[in-house]
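Here is a short briefing on one protein chain. Keep the structure open beside the text and check each point against it.

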Amino acid sequence: MQMRNDISDSREREAYDALALRALKGLPAAYAPYSGFHVSAALLCADGTVYDGVNVENSAYSAGICAERTAIFKAVSEGKKEFSAIAVTGCHKEWLEKDAYSSRLELPDYCPPCGVCRQVMREFGAPEEFRIILAKGPAEYKVYKLSELLFDSFGPENL
């Protein structure tokens, strides 16, 4: 795991800053009437294209989808299959009304991806290369390799 301030490559830090900011701004678009927990993701493709995603809940709970998978499935549906990084943010809807979010886009905590989303990331991301950015502010985030959050993983090469 790497903290934002530990990233020495300025281009990499700028790209992660932009992804974190985009994910933070996307939180209000989530559809979470049942849990009240909003999640937003911004996916960076290898070619520089960015896809956004939010969680979308359903009254039949299992029919909902996480923000990370929304972004990945949107990208795949448009022919993209090579990804570099994804930024993930999340908070309860009440936090979106607080000054910390409305004026500074700051959240109370990090929001890690669920196990299903980690496995979907593994389908399209090399464990040592794909980065997961957990952001709780535009300049406050942690960066993980996929292998750190899904170690000894099962992937396409295992079939």
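In the hairpin of strand 2 and strand 3, four residues sit between the strands, and Gly48 there takes a positive phi near 95°. The two strands pair in the antiparallel sense over five bridges. This is a predicted model. The points below go from this hairpin to the sheet, the helices, the cysteines and a few single residues.

**Hairpin and sheet**

- Leu44 of the hairpin has Val50 as its bridge partner in strand 3.
- Strand 2 (residues 37-45) also pairs with strand 4 (residues 83-92). These two strands run antiparallel and are joined by nine bridges.
- Within that pairing, Val39 is bridged to Gly90 in strand 4.
- The full sheet is open and has six strands. Their order is 1-6-5-4-2-3, and the pairing is mixed.
- Which strands stand at the edges? They are strand 1 (2-3) and strand 3 (50-54). Each has a single partner strand, so one side of each is left without a neighbour in the sheet.
- As background, side chains in a regular strand alternate between the two faces of the sheet.

**Overall build**

- The chain has five helices and six strands.
- Read from the N terminus, the elements run β-α-β-β-α-β-α-α-β-β-α.
- The radius of gyration is 15 Å. A compact globule of 159 residues would have a value near 15 Å, so the chain agrees with that estimate.
- Along the principal axes, the C-alpha atoms fill a box of roughly 45 × 45 × 30 Å.
- Of the 159 residues, 45% are buried.
- The accessible surface is about 8,200 Å². Carbon and sulfur atoms hold 51% of that surface.
- Among contacts with a separation of 6 or more, 63% are between residues 24 or more positions apart.

**Helices against the sheet**

- Helix 2 (residues 67-77) lies across strand 2, strand 3 and strand 4. The helix runs at about 140° to strand 3.
- Which residues of helix 4 (residues 115-124) are buried? They are Cys117, Arg118, Val120, Met121 and Arg122. Note that two arginines are in that list.
- The buried residues of helix 4 pack against helix 2, strand 4, strand 5 (131-137) and helix 5 (146-149).

**Cysteines**

- How many disulfides does the structure hold? The count is zero.
- Cys66 is in no disulfide. The nearest cysteine sulfur to Cys66 is that of Cys117, 3.8 Å away. A disulfide would need the two sulfur atoms within 2.5 Å.
- Cys117 is in no disulfide either. The nearest cysteine sulfur to Cys117 is that of Cys114, at 3.7 Å.
- Is Cys117 buried or exposed? Its relative accessibility is 0%, so Cys117 counts as buried.
- Cys66 has a relative accessibility of 22%, so Cys66 counts as partly exposed.

**Glu140 in strand 6**

- Glu140 is found in strand 6 (residues 140-145).
- Its relative accessibility is 39%, so Glu140 counts as partly exposed.
- What does Glu140 touch, beyond its neighbours within four places in sequence? The contacts are Arg4, Tyr110, Leu134 and Ala135.
- Glu140 and Ala23 are 117 residues apart in sequence. Their C-alpha atoms are 13 Å apart in space.

**Positive phi outside glycine**

- Most residues other than glycine have a negative phi. Two residues with a positive value follow.
- Leu105 is not a glycine, yet has a positive phi of about 55°. Leu105 lies in the loop between helix 3 (99-104) and helix 4.
- At 16% relative accessibility, Leu105 counts as buried, because the cut-off is under 20%.
- Asp152 has a positive phi near 50° and is also a residue other than glycine. Asp152 lies in the segment after helix 5.
- Is Asp152 buried or exposed? With a relative accessible area of 78%, Asp152 is exposed.

Methods: Residues are numbered from 1 along each chain as its sequence is written. This is a predicted model: local features need pLDDT of at least 70, side-chain atom pairs count only at pLDDT 80 or more; totals for chains, interfaces and linings use all residues. Side-chain values use heavy atoms; hydrogens and water are left out. Two strands pair if DSSP finds at least two bridges between them. Contact means heavy atoms within 4.5 Å. Axes are lines fitted to C-alpha atoms, for helices over the stretch in contact, and angles run from 0 to 180 degrees between N-to-C directions. The radius of gyration is taken over C-alpha atoms; the globule rule is 2.2 Å times the number of residues to the power 0.38. Buried means under 20% relative accessible area, exposed over 50%, partly exposed in between (1.4 Å probe, protein chains only). Accessible areas come from the Shrake-Rupley method with a 1.4 Å probe; for residues, only the protein chains shown count as cover.
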